[in-house]
Amino acid sequence: MGVPLSQMWTVAKYVLTQRFKGVKRYPLVLMLEPLFRCNLACAGCGKIQFPSHILKQNLSPEKCFQAVDECGAPIVSIPGGEPLLHPQMPEIVAGLVARKKFIYLCTNAILLEKHLENYPPSKYLTFSIHLDGIREDHDAAVCRDGIYDKAISAIKAAVKAGHRVTTNSTLFENAEPERVRQMFDELAELGIESMMLSPGYQYEKAPDQEHFLKRNQTIQKFREILATPKKAWKFNHSPLFLEFLKGNWELECTPWGNPTYNIFGWQKPCYLLEEGYADTFGELMSSTSWERYGRKSGNEKCRDCMVHCGHEPTAVDQTFSSWKGFMKVVSLTLFGAKDSNKPLPKQSPESMPAPHYTVADHELIQLAPVDDANCDEDVEVLNLLN
């Protein structure tokens, strides 16, 4: 089982409560981005391609807590950038643990061993460590040698210290299925809780524009990767989402399921697209034209997207909203998935470029400046930005 029962029960109770209240749109995971700054420059990432004065900014703990309370989602994912570069991250995590939120702190793990003592083990805290393949593949993806070994060392240290540890892997066109499966085997031996998978989204400003997957490429790739899965492999996903990746189950995007809050405010409409910002969560939900997004909408920016942050909430909702979805999850849980020879979906038209990031018109409000005195590892990063 990839997720502890206490977390599964909390999420199930939350979803059923929303449905009982008749709430049509509700958040499942808050994507809290307290900074965009990073100590890596991965070829497929579009999140760090902001001007240096933006990359130097942090959200204050107070703004983070306000967003979490306002949103109300039971799970908080903290991506970035690299969250461990934030000098007040231990305070932020402690505040979320006190609120009994299940936290996934996403990190490349370069700094994790150095800061591990600042984070007491808790069932509410999980370190989600970025790994995009075995040693040579991961180091190539993050454009720096030696990072895979640092991540593996950090995983071992965190597991030994009693922490919950998962991994998250973003896969592109050049991912070789057998090597990805080899990564699964290596991670299973380390005693991690589970693994998360997702095809990469086509960020317009990512340096590498040649290896993003089209929809049918994603399906074919994941059919090979997930064929005859081993019992030792544990995934932090709904079984329906994994079937979706293989083209065996239809999921439409639920962009409001994983709302994003960062230094500009509430990002419209989702973590992957930047089409304006709202000042409050209520404004985000009421002012966004949700019908414009998702594959069925015809939006060219969504045609090839099969990313977990848009479709995992749909999978969770379908599990509890219909007998068909619920019974499918029961069947997959008890008997496992079968390899599929189902024909690939009709090829979608060529996708348009992803949206252009524009920040000139955004005002930065109530931001905490970088504290170089308390965060030595920022110095090298900031020197590169200047």
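**Helix H1 and its surroundings**

The face of H1 turned away from its buried side carries Leu-5, Trp-9 and Phe-20, which are exposed (over 50% relative accessible area, against under 20% for buried and partly exposed in between, with a 1.4 Å probe and protein chains only). This is a predicted model, in which local features need pLDDT of at least 70 and side-chain atom pairs count only at pLDDT 80 or more, while totals for chains, interfaces and linings use all residues. Residues are numbered from 1 along each chain as its sequence is written, and side-chain values use heavy atoms, with hydrogens and water left out.

H1 spans residues 5–20, 16 in number, and reaches 22 Å from first C-alpha to last, close to the 22 Å expected (1.5 Å times one less than the number of residues). Helices here are DSSP runs of H or I with at least four residues, and strands are E runs of at least two, numbered from the N terminus.

The buried residues of H1 are Gln-7, Val-11, Ala-12, Tyr-14, Val-15 and Gln-18. Seen down the helix axis, they fall within an arc of 160°, so they line one face of H1 (the arc is taken over directions from the axis to the C-beta atoms). Their cover includes strands E3 (75–78), E4 (102–107) and E6 (164–171), together with helix H12 (308–321). After H1 comes Gly-22, with a positive phi near 80°.

The protein as a whole has 14 helices and 11 strands, and 56% of its 386 residues are buried. Of the contacts (heavy atoms within 4.5 Å) with a separation of 6 or more, 77% join residues 24 or more positions apart.
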